[in-house]
Amino acid sequence: MMEGTAGVSGHRRADESLLDNPGALAEQDPGGMLRFTASAGAQVRESAALAAEANLSLLADEGRPRAVVIAGIGTAGRTGDVLATVAGPRCPVPVIPHRSAGVPGWVGAADVVIAVSASGRSPEALGAAEAAHRRGARLVAVGAPDSQLQSVAERARAPFIPVPRRAPARASLWALTVPVLLAARTLGLVKVNEADLAETAARLDADADRCRPTAESFVNPAKSLALGLAGSIPIVWGSSPLATVAARRFGDTLSANARYPVVTGALGEAGRGRVGLLDGVFGGLAEGKRDIFADPDEAAVDGTRLRLVLLRDGGLNAEDDTDEPLAVEERRADAVQTLAERRGVRCDVVTAEGGSALERLASLMAVPDFASVYLALAHGLDPMAVPAITEMKELANQ
Ligand SMILES: O=P(O)(O)OC[C@H]1O[C@](O)(CO)[C@@H](O)[C@@H]1O
(Lines give C-alpha, C1' and ligand atoms only; values in the text may rest on other atoms or scores of the structure.)
Protein backbone atom coordinates (compact mmCIF):
# COMPACT_ATOMS: atom_id res chain seq x y z
CA MET A 1 0.00 0.00 0.00
CA MET A 2 1.33 3.43 -0.92
CA GLU A 3 0.25 6.45 1.05
CA GLY A 4 0.09 9.10 -1.62
CA THR A 5 -0.40 12.79 -1.12
CA ALA A 6 -3.88 14.35 -0.74
CA GLY A 7 -5.08 11.45 1.37
CA VAL A 8 -5.13 9.00 -1.52
CA SER A 9 -3.68 5.58 -0.87
CA GLY A 10 -3.48 2.57 -3.13
CA HIS A 11 -1.30 -0.28 -4.45
CA ARG A 12 1.27 0.37 -7.17
CA ARG A 13 0.58 -3.14 -8.50
CA ALA A 14 -2.97 -4.32 -9.21
CA ASP A 15 -4.17 -6.98 -6.80
CA GLU A 16 -5.79 -9.62 -9.03
CA SER A 17 -7.17 -11.66 -6.18
CA LEU A 18 -9.14 -8.70 -4.83
CA LEU A 19 -11.33 -8.73 -7.94
CA ASP A 20 -12.56 -12.23 -7.13
CA ASN A 21 -13.38 -11.35 -3.54
CA PRO A 22 -16.87 -9.72 -3.51
CA GLY A 23 -16.52 -8.75 0.18
CA ALA A 24 -13.25 -6.90 -0.45
CA LEU A 25 -14.72 -5.26 -3.57
CA ALA A 26 -17.63 -3.89 -1.56
CA GLU A 27 -15.28 -2.61 1.14
CA GLN A 28 -13.10 -0.87 -1.41
CA ASP A 29 -16.15 0.76 -3.04
CA PRO A 30 -17.94 2.46 -0.14
CA GLY A 31 -19.76 4.92 -2.40
CA GLY A 32 -21.21 2.11 -4.52
CA MET A 33 -19.69 2.97 -7.91
CA LEU A 34 -20.23 -0.62 -9.10
CA ARG A 35 -23.91 -0.34 -8.19
CA PHE A 36 -24.26 3.00 -10.02
CA THR A 37 -22.51 1.54 -13.06
CA ALA A 38 -24.94 -1.38 -13.02
CA SER A 39 -27.89 1.05 -13.05
CA ALA A 40 -27.24 2.17 -16.66
CA GLY A 41 -30.23 0.23 -18.07
CA ALA A 42 -32.51 1.57 -15.33
CA GLN A 43 -31.25 5.09 -16.08
CA VAL A 44 -32.35 4.73 -19.72
CA ARG A 45 -35.86 3.68 -18.68
CA GLU A 46 -36.19 6.29 -15.94
CA SER A 47 -34.98 9.17 -18.11
CA ALA A 48 -37.24 8.14 -21.00
CA ALA A 49 -40.19 8.32 -18.60
CA LEU A 50 -39.08 11.71 -17.21
CA ALA A 51 -38.62 13.12 -20.71
CA ALA A 52 -42.11 11.91 -21.66
CA GLU A 53 -43.52 13.97 -18.76
CA ALA A 54 -41.69 17.15 -19.79
CA ASN A 55 -43.33 19.35 -22.35
CA LEU A 56 -40.80 18.71 -25.12
CA SER A 57 -43.38 19.28 -27.86
CA LEU A 58 -42.98 23.04 -27.16
CA LEU A 59 -39.65 22.70 -28.94
CA ALA A 60 -41.19 21.49 -32.16
CA ASP A 61 -43.65 24.41 -32.49
CA GLU A 62 -41.23 26.53 -34.44
CA GLY A 63 -40.12 23.70 -36.73
CA ARG A 64 -36.64 22.55 -37.57
CA PRO A 65 -33.88 24.71 -36.07
CA ARG A 66 -30.88 26.08 -37.95
CA ALA A 67 -28.48 24.36 -35.54
CA VAL A 68 -28.48 22.52 -32.20
CA VAL A 69 -25.88 23.32 -29.54
CA ILE A 70 -25.42 20.93 -26.62
CA ALA A 71 -23.82 22.86 -23.78
CA GLY A 72 -22.15 21.15 -20.83
CA ILE A 73 -18.81 19.97 -19.53
CA GLY A 74 -17.36 16.58 -18.59
CA THR A 75 -19.92 13.79 -18.72
CA ALA A 76 -22.67 16.29 -19.56
CA GLY A 77 -20.55 17.35 -22.54
CA ARG A 78 -20.25 13.73 -23.71
CA THR A 79 -24.03 13.67 -24.24
CA GLY A 80 -23.48 16.13 -27.09
CA ASP A 81 -20.96 13.77 -28.69
CA VAL A 82 -23.47 10.92 -28.37
CA LEU A 83 -26.19 13.00 -30.01
CA ALA A 84 -23.87 14.07 -32.85
CA THR A 85 -22.92 10.48 -33.62
CA VAL A 86 -26.43 9.02 -33.26
CA ALA A 87 -27.78 11.82 -35.52
CA GLY A 88 -25.07 10.80 -38.00
CA PRO A 89 -23.73 12.50 -41.10
CA ARG A 90 -27.15 12.68 -42.75
CA CYS A 91 -28.54 14.89 -39.97
CA PRO A 92 -30.20 17.87 -41.70
CA VAL A 93 -28.84 20.46 -39.22
CA PRO A 94 -25.46 20.86 -37.50
CA VAL A 95 -25.26 19.30 -34.02
CA ILE A 96 -22.55 21.07 -32.05
CA PRO A 97 -21.27 20.04 -28.61
CA HIS A 98 -20.06 23.16 -26.78
CA ARG A 99 -17.89 22.85 -23.69
CA SER A 100 -17.07 26.40 -22.62
CA ALA A 101 -19.31 28.89 -20.83
CA GLY A 102 -21.93 30.71 -22.86
CA VAL A 103 -22.84 29.80 -26.43
CA PRO A 104 -21.05 30.36 -29.75
CA GLY A 105 -21.39 33.93 -31.05
CA TRP A 106 -23.64 33.00 -33.97
CA VAL A 107 -26.40 31.41 -31.81
CA GLY A 108 -29.71 33.23 -32.19
CA ALA A 109 -33.47 32.84 -32.46
CA ALA A 110 -33.24 30.20 -35.21
CA ASP A 111 -31.26 27.77 -33.01
CA VAL A 112 -31.86 25.32 -30.17
CA VAL A 113 -29.62 25.10 -27.10
CA ILE A 114 -29.71 21.97 -24.93
CA ALA A 115 -28.03 22.79 -21.59
CA VAL A 116 -26.94 19.73 -19.61
CA SER A 117 -25.53 19.50 -16.07
CA ALA A 118 -25.83 16.57 -13.67
CA SER A 119 -25.57 18.90 -10.66
CA GLY A 120 -27.57 21.60 -12.41
CA ARG A 121 -24.93 24.16 -11.51
CA SER A 122 -21.93 23.99 -13.84
CA PRO A 123 -21.02 27.51 -15.00
CA GLU A 124 -20.81 26.13 -18.55
CA ALA A 125 -24.41 24.87 -18.69
CA LEU A 126 -25.81 27.78 -16.67
CA GLY A 127 -23.99 30.35 -18.82
CA ALA A 128 -25.29 28.66 -21.98
CA ALA A 129 -28.88 28.51 -20.73
CA GLU A 130 -28.84 32.19 -19.79
CA ALA A 131 -27.22 33.22 -23.07
CA ALA A 132 -29.72 31.14 -25.07
CA HIS A 133 -32.60 32.85 -23.27
CA ARG A 134 -31.11 36.33 -23.83
CA ARG A 135 -30.65 35.70 -27.52
CA GLY A 136 -34.11 34.25 -28.05
CA ALA A 137 -32.90 30.75 -28.94
CA ARG A 138 -35.13 27.82 -28.02
CA LEU A 139 -33.83 26.22 -24.82
CA VAL A 140 -34.21 22.83 -23.19
CA ALA A 141 -32.38 21.96 -19.97
CA VAL A 142 -31.44 18.61 -18.42
CA GLY A 143 -30.12 18.20 -14.87
CA ALA A 144 -30.74 17.85 -11.16
CA PRO A 145 -34.21 18.73 -9.86
CA ASP A 146 -34.50 21.96 -7.85
CA SER A 147 -31.18 23.21 -9.18
CA GLN A 148 -30.05 26.57 -10.52
CA LEU A 149 -30.42 25.14 -14.02
CA GLN A 150 -34.07 24.38 -13.34
CA SER A 151 -34.60 28.01 -12.21
CA VAL A 152 -33.02 29.37 -15.38
CA ALA A 153 -35.19 27.04 -17.50
CA GLU A 154 -38.31 28.12 -15.63
CA ARG A 155 -37.47 31.78 -16.09
CA ALA A 156 -37.05 31.14 -19.81
CA ARG A 157 -40.28 29.05 -19.87
CA ALA A 158 -38.21 26.26 -21.36
CA PRO A 159 -38.76 22.52 -20.91
CA PHE A 160 -36.67 21.05 -18.08
CA ILE A 161 -36.02 17.33 -17.59
CA PRO A 162 -35.24 16.66 -13.90
CA VAL A 163 -32.65 13.86 -13.79
CA PRO A 164 -32.13 12.58 -10.21
CA ARG A 165 -28.59 13.27 -9.09
CA ARG A 166 -26.09 10.47 -8.71
CA ALA A 167 -22.69 11.62 -7.59
CA PRO A 168 -20.34 11.65 -9.39
CA ALA A 169 -21.68 12.87 -12.73
CA ARG A 170 -19.83 10.18 -14.70
CA ALA A 171 -22.18 7.61 -13.14
CA SER A 172 -25.11 9.40 -14.85
CA LEU A 173 -24.09 9.27 -18.50
CA TRP A 174 -27.18 7.31 -19.58
CA ALA A 175 -29.58 9.30 -17.42
CA LEU A 176 -28.34 12.55 -19.01
CA THR A 177 -28.06 11.22 -22.56
CA VAL A 178 -31.59 9.92 -23.08
CA PRO A 179 -33.37 13.29 -22.55
CA VAL A 180 -30.91 14.93 -24.96
CA LEU A 181 -31.72 12.30 -27.60
CA LEU A 182 -35.45 12.64 -27.01
CA ALA A 183 -35.31 16.43 -27.32
CA ALA A 184 -33.50 15.97 -30.64
CA ARG A 185 -36.11 13.41 -31.70
CA THR A 186 -38.86 15.98 -31.06
CA LEU A 187 -37.00 18.28 -33.46
CA GLY A 188 -36.92 15.52 -36.09
CA LEU A 189 -33.15 15.09 -35.93
CA VAL A 190 -32.76 11.48 -34.74
CA LYS A 191 -34.76 8.33 -35.29
CA VAL A 192 -34.46 6.77 -31.81
CA ASN A 193 -37.74 4.92 -31.12
CA GLU A 194 -39.22 3.18 -28.08
CA ALA A 195 -37.93 -0.23 -29.18
CA ASP A 196 -34.39 1.17 -29.55
CA LEU A 197 -34.56 2.54 -25.99
CA ALA A 198 -35.95 -0.72 -24.59
CA GLU A 199 -33.31 -2.81 -26.39
CA THR A 200 -30.53 -0.46 -25.28
CA ALA A 201 -31.69 -0.70 -21.66
CA ALA A 202 -31.90 -4.51 -21.95
CA ARG A 203 -28.38 -4.66 -23.43
CA LEU A 204 -27.01 -2.52 -20.57
CA ASP A 205 -28.76 -4.78 -18.04
CA ALA A 206 -27.35 -7.92 -19.67
CA ASP A 207 -23.83 -6.47 -19.72
CA ALA A 208 -24.16 -5.41 -16.07
CA ASP A 209 -25.04 -9.00 -15.27
CA ARG A 210 -21.99 -10.38 -17.15
CA CYS A 211 -19.81 -7.81 -15.33
CA ARG A 212 -21.32 -8.26 -11.85
CA PRO A 213 -18.92 -8.39 -8.89
CA THR A 214 -19.74 -12.04 -8.15
CA ALA A 215 -18.80 -13.18 -11.69
CA GLU A 216 -15.18 -14.29 -11.54
CA SER A 217 -12.44 -12.82 -13.70
CA PHE A 218 -12.29 -15.70 -16.17
CA VAL A 219 -15.97 -15.26 -17.12
CA ASN A 220 -16.27 -11.53 -16.41
CA PRO A 221 -15.26 -9.45 -19.46
CA ALA A 222 -14.78 -6.25 -17.42
CA LYS A 223 -12.52 -7.86 -14.83
CA SER A 224 -10.40 -9.48 -17.53
CA LEU A 225 -10.17 -6.20 -19.47
CA ALA A 226 -9.11 -4.42 -16.25
CA LEU A 227 -6.46 -7.02 -15.46
CA GLY A 228 -5.13 -6.86 -19.02
CA LEU A 229 -4.76 -3.09 -18.71
CA ALA A 230 -3.21 -3.17 -15.24
CA GLY A 231 0.23 -1.54 -15.24
CA SER A 232 0.02 -0.52 -18.91
CA ILE A 233 -0.60 2.71 -20.77
CA PRO A 234 -3.94 2.13 -22.48
CA ILE A 235 -4.44 3.31 -26.05
CA VAL A 236 -8.14 3.25 -26.91
CA TRP A 237 -9.11 3.73 -30.55
CA GLY A 238 -12.57 3.61 -32.07
CA SER A 239 -13.04 2.21 -35.58
CA SER A 240 -15.98 4.51 -36.46
CA PRO A 241 -17.37 7.85 -35.20
CA LEU A 242 -19.73 5.89 -32.92
CA ALA A 243 -16.95 3.70 -31.55
CA THR A 244 -14.80 6.82 -31.06
CA VAL A 245 -17.39 8.31 -28.68
CA ALA A 246 -17.15 5.07 -26.68
CA ALA A 247 -13.33 5.30 -26.82
CA ARG A 248 -13.38 8.84 -25.41
CA ARG A 249 -15.80 7.79 -22.70
CA PHE A 250 -13.38 5.00 -21.73
CA GLY A 251 -10.68 7.69 -21.54
CA ASP A 252 -12.88 9.68 -19.13
CA THR A 253 -13.55 6.74 -16.82
CA LEU A 254 -10.03 5.29 -16.93
CA SER A 255 -8.67 8.68 -15.91
CA ALA A 256 -11.22 9.60 -13.26
CA ASN A 257 -12.02 6.17 -11.76
CA ALA A 258 -8.74 4.26 -12.20
CA ARG A 259 -6.49 7.31 -12.55
CA TYR A 260 -4.66 5.87 -15.54
CA PRO A 261 -3.11 8.03 -18.25
CA VAL A 262 -4.75 7.10 -21.51
CA VAL A 263 -4.64 8.00 -25.17
CA THR A 264 -8.01 7.91 -26.96
CA GLY A 265 -9.24 8.78 -30.41
CA ALA A 266 -10.53 7.82 -33.82
CA LEU A 267 -8.60 5.13 -35.61
CA GLY A 268 -8.93 7.02 -38.90
CA GLU A 269 -7.08 9.97 -37.41
CA ALA A 270 -4.68 7.86 -35.33
CA GLY A 271 -3.69 5.88 -38.42
CA ARG A 272 -2.16 9.04 -39.89
CA GLY A 273 -0.06 9.89 -36.85
CA ARG A 274 -0.52 8.47 -33.40
CA VAL A 275 -0.24 4.92 -34.62
CA GLY A 276 3.50 5.66 -34.49
CA LEU A 277 3.20 5.06 -30.72
CA LEU A 278 3.21 1.35 -31.47
CA ASP A 279 6.83 1.62 -32.62
CA GLY A 280 8.09 3.56 -29.61
CA VAL A 281 9.69 2.96 -26.23
CA PHE A 282 6.40 1.89 -24.67
CA GLY A 283 5.44 -0.14 -27.74
CA GLY A 284 7.52 -2.27 -30.11
CA LEU A 285 10.85 -1.22 -28.56
CA ALA A 286 9.79 -2.45 -25.12
CA GLU A 287 8.14 -5.59 -26.44
CA GLY A 288 11.07 -6.47 -28.72
CA LYS A 289 13.33 -7.27 -25.78
CA ARG A 290 10.75 -9.31 -23.90
CA ASP A 291 12.26 -12.62 -22.73
CA ILE A 292 9.59 -15.21 -23.34
CA PHE A 293 11.08 -17.48 -20.63
CA ALA A 294 11.16 -14.70 -18.03
CA ASP A 295 9.06 -14.89 -14.88
CA PRO A 296 5.90 -12.95 -15.87
CA ASP A 297 5.91 -11.19 -12.49
CA GLU A 298 9.39 -9.82 -13.08
CA ALA A 299 8.58 -8.97 -16.69
CA ALA A 300 5.64 -6.90 -15.45
CA VAL A 301 7.90 -4.56 -13.52
CA ASP A 302 10.59 -4.31 -16.13
CA GLY A 303 8.90 -1.46 -17.95
CA THR A 304 5.61 0.13 -18.74
CA ARG A 305 4.03 -0.99 -21.97
CA LEU A 306 1.22 0.08 -24.19
CA ARG A 307 -1.94 -1.94 -24.32
CA LEU A 308 -4.24 -1.35 -27.24
CA VAL A 309 -8.00 -1.47 -26.80
CA LEU A 310 -9.77 -1.45 -30.12
CA LEU A 311 -13.47 -0.63 -30.11
CA ARG A 312 -14.89 -1.96 -33.37
CA ASP A 313 -18.24 -1.00 -34.79
CA GLY A 314 -18.38 -4.40 -36.45
CA GLY A 315 -19.79 -3.15 -39.73
CA LEU A 316 -23.35 -3.40 -38.40
CA ASN A 317 -24.33 0.20 -38.98
CA ALA A 318 -26.48 1.06 -41.98
CA GLU A 319 -24.48 2.28 -44.98
CA ASP A 320 -26.11 5.73 -44.81
CA ASP A 321 -25.15 6.18 -41.14
CA THR A 322 -21.56 6.64 -42.03
CA ASP A 323 -19.34 9.02 -43.96
CA GLU A 324 -17.01 6.29 -45.00
CA PRO A 325 -17.58 2.88 -46.61
CA LEU A 326 -17.80 0.28 -43.84
CA ALA A 327 -15.22 -1.84 -45.61
CA VAL A 328 -12.67 0.97 -45.15
CA GLU A 329 -13.32 1.11 -41.40
CA GLU A 330 -13.09 -2.65 -41.11
CA ARG A 331 -9.85 -2.85 -43.12
CA ARG A 332 -8.31 -0.15 -40.96
CA ALA A 333 -9.29 -1.99 -37.77
CA ASP A 334 -7.81 -5.24 -39.13
CA ALA A 335 -4.67 -3.33 -40.11
CA VAL A 336 -4.03 -1.87 -36.65
CA GLN A 337 -4.53 -5.30 -35.08
CA THR A 338 -1.90 -6.70 -37.47
CA LEU A 339 0.44 -3.81 -36.66
CA ALA A 340 0.06 -4.44 -32.92
CA GLU A 341 0.60 -8.16 -33.38
CA ARG A 342 3.78 -7.62 -35.43
CA ARG A 343 5.20 -5.49 -32.64
CA GLY A 344 4.09 -7.73 -29.80
CA VAL A 345 1.75 -5.03 -28.41
CA ARG A 346 -1.19 -6.74 -26.75
CA CYS A 347 -4.61 -5.78 -27.99
CA ASP A 348 -8.13 -6.20 -26.58
CA VAL A 349 -11.02 -5.93 -28.98
CA VAL A 350 -14.60 -5.02 -28.06
CA THR A 351 -17.00 -5.42 -30.98
CA ALA A 352 -20.36 -3.64 -31.08
CA GLU A 353 -23.55 -5.63 -31.08
CA GLY A 354 -27.16 -4.67 -31.60
CA GLY A 355 -29.44 -3.19 -34.21
CA SER A 356 -29.67 0.55 -33.47
CA ALA A 357 -26.83 3.03 -33.18
CA LEU A 358 -27.76 3.59 -29.54
CA GLU A 359 -27.68 -0.08 -28.64
CA ARG A 360 -24.35 -0.53 -30.41
CA LEU A 361 -22.96 2.41 -28.47
CA ALA A 362 -24.20 0.85 -25.23
CA SER A 363 -22.53 -2.44 -26.15
CA LEU A 364 -19.20 -0.61 -26.58
CA MET A 365 -19.48 1.38 -23.35
CA ALA A 366 -20.82 -1.06 -20.76
CA VAL A 367 -17.86 -3.41 -20.33
CA PRO A 368 -15.25 -0.60 -20.42
CA ASP A 369 -17.25 1.39 -17.81
CA PHE A 370 -17.07 -1.58 -15.43
CA ALA A 371 -13.44 -2.27 -16.32
CA SER A 372 -12.44 1.26 -15.23
CA VAL A 373 -14.07 0.66 -11.83
CA TYR A 374 -12.48 -2.78 -11.39
CA LEU A 375 -9.07 -1.37 -12.33
CA ALA A 376 -9.45 1.30 -9.61
CA LEU A 377 -10.49 -1.33 -7.07
CA ALA A 378 -7.60 -3.65 -7.99
CA HIS A 379 -5.24 -0.79 -7.14
CA GLY A 380 -7.00 -0.15 -3.85
CA LEU A 381 -8.43 3.16 -5.08
CA ASP A 382 -11.92 4.35 -4.24
CA PRO A 383 -13.30 4.96 -7.76
CA MET A 384 -15.66 7.61 -6.51
CA ALA A 385 -13.42 9.90 -4.49
CA VAL A 386 -11.12 11.95 -6.71
CA PRO A 387 -9.57 14.65 -4.51
CA ALA A 388 -7.71 16.16 -7.49
CA ILE A 389 -11.03 17.21 -9.09
CA THR A 390 -12.29 18.86 -5.91
CA GLU A 391 -8.93 20.51 -5.25
CA MET A 392 -8.75 21.76 -8.81
CA LYS A 393 -12.17 23.40 -8.43
CA GLU A 394 -11.16 25.01 -5.12
CA LEU A 395 -7.89 26.37 -6.50
CA ALA A 396 -9.40 27.59 -9.75
CA ASN A 397 -12.22 29.38 -7.94
CA GLN A 398 -9.94 31.26 -5.53
O1 LIG B 1 -22.66 17.61 -14.94
P2 LIG B 1 -22.15 18.72 -14.05
O3 LIG B 1 -22.70 18.65 -12.66
O4 LIG B 1 -22.39 20.03 -14.72
O5 LIG B 1 -20.61 18.57 -13.92
C6 LIG B 1 -19.75 18.67 -15.04
C7 LIG B 1 -18.47 17.94 -14.74
O8 LIG B 1 -17.84 18.52 -13.62
C9 LIG B 1 -17.43 17.50 -12.71
O10 LIG B 1 -18.34 17.46 -11.66
C11 LIG B 1 -16.06 17.79 -12.21
O12 LIG B 1 -16.01 19.05 -11.65
C13 LIG B 1 -17.49 16.22 -13.52
O14 LIG B 1 -17.58 15.09 -12.72
C15 LIG B 1 -18.68 16.48 -14.39
O16 LIG B 1 -18.76 15.65 -15.51
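**Exercise 1. Determine whether serine 119 is buried or exposed in this predicted model, and describe its surroundings.**

Solution. Begin with the accessible area: serine 119 has a relative value of 19%, and since buried means under 20%, this residue is classed as buried. Next, place the residue in the chain, where serine 119 belongs to the loop between β5 and α7. Then look for partners outside its immediate sequence neighbourhood: once the neighbours within four places in sequence are set aside, serine 119 is in contact with Ala144, Ser147 and Arg165. Finally, consider the polar atoms, for a polar atom of the serine 119 side chain lies 3.2 Å from the backbone nitrogen of arginine 121.

**Exercise 2. Work out the strand order of the open sheet of five strands, and state which strands stand at its edges.**

Solution. The order is β4-β3-β5-β6-β7, and the pairing is parallel. Because β4 (95-98) and β7 (160-162) each have a single partner strand, they stand at the edges, and one side of each is left without a neighbour in the sheet. From one strand to the next, the twist averages 15 degrees.

The pairings of β3 can now be followed in either direction. Towards β5 (residues 112-117), strand β3 (residues 68-71) is joined by four bridges, the two strands running parallel, and valine 69 has valine 113 of β5 as its bridge partner. Towards β4, the pairing is likewise in the parallel sense and extends over four bridges, with alanine 71 standing opposite histidine 98 of β4.

**Exercise 3. Establish how the two faces of β3 are covered, and which helix lies across this strand.**

Solution. The general rule is that side chains in a regular strand alternate between the two faces of the sheet. In β3, Val68 and Ile70 are on one side while Val69 and Ala71 are on the other, and all of them are buried, so that both faces are covered. Helix α6 (residues 75-87) lies across β3, β4 and β5, and runs at about 165 degrees to β4.

**Exercise 4. Describe the packing of helix α7 (residues 123-135) against helix α8 (residues 148-155).**

Solution. The geometry comes first: the helices pack at an angle of about 5 degrees, and their axes are 10 Å apart. As angles under 35 degrees count as roughly parallel, α7 is roughly parallel to α8. The contact is formed from α7 by Ala125, Leu126, Ala129, Glu130 and His133, and from α8 by Gln148, Leu149, Val152 and Arg155. Sorted by character, the residues of this contact comprise five nonpolar, two polar and two charged.

**Exercise 5. Analyse the burial of helix α11 (residues 221-229) and what is found at its ends.**

Solution. Seven of the nine residues of α11 are buried, so the helix is mostly covered; among them are Ala222, Lys223 and Leu225. At the N-terminal end, asparagine 220 acts as a cap, with a side-chain oxygen 3.0 Å from the backbone nitrogen of alanine 222. After α11 comes glycine 231, which has a positive phi near 80 degrees.

**Exercise 6. Describe the open sheet formed by four strands, and the helix packed on this sheet.**

Solution. The order is β9-β8-β10-β11, with parallel pairing. Since β9 (263-266) and β11 (347-351) each have a single partner strand, they stand at the edges. With direction ignored, neighbouring strands are turned by 15 degrees against each other on average. Strand β10 (residues 306-312) pairs with β11 over five bridges, and leucine 308 stands opposite cysteine 347 in β11. Helix α16 (residues 326-343) packs on the sheet, touching β8 (233-238), β10 and β11, and its direction makes about 160 degrees with that of β10.

Technical notes
Residues are numbered from 1 along each chain as its sequence is written. This is a predicted model: local features need pLDDT of at least 70, side-chain atom pairs count only at pLDDT 80 or more; totals for chains, interfaces and linings use all residues. Side-chain values use heavy atoms; hydrogens and water are left out. Two strands pair if DSSP finds at least two bridges between them. Axes are lines fitted to C-alpha atoms, for helices over the stretch in contact, and angles run from 0 to 180 degrees between N-to-C directions. Contact means heavy atoms within 4.5 Å. Angles under 35 degrees count as roughly parallel, over 145 as roughly antiparallel, 65 to 115 as roughly perpendicular and the rest as oblique. Ala, Val, Leu, Ile, Met, Phe, Trp, Tyr, Cys and Pro count as nonpolar, Asp, Glu, Lys and Arg as charged, and the others, Gly among them, as polar. Buried means under 20% relative accessible area, exposed over 50%, partly exposed in between (1.4 Å probe, protein chains only). A polar contact is a pair of N or O atoms within 3.5 Å; within protein, one must be able to donate a hydrogen and the other to accept it, and residues adjacent in sequence count only if both atoms are side-chain atoms.
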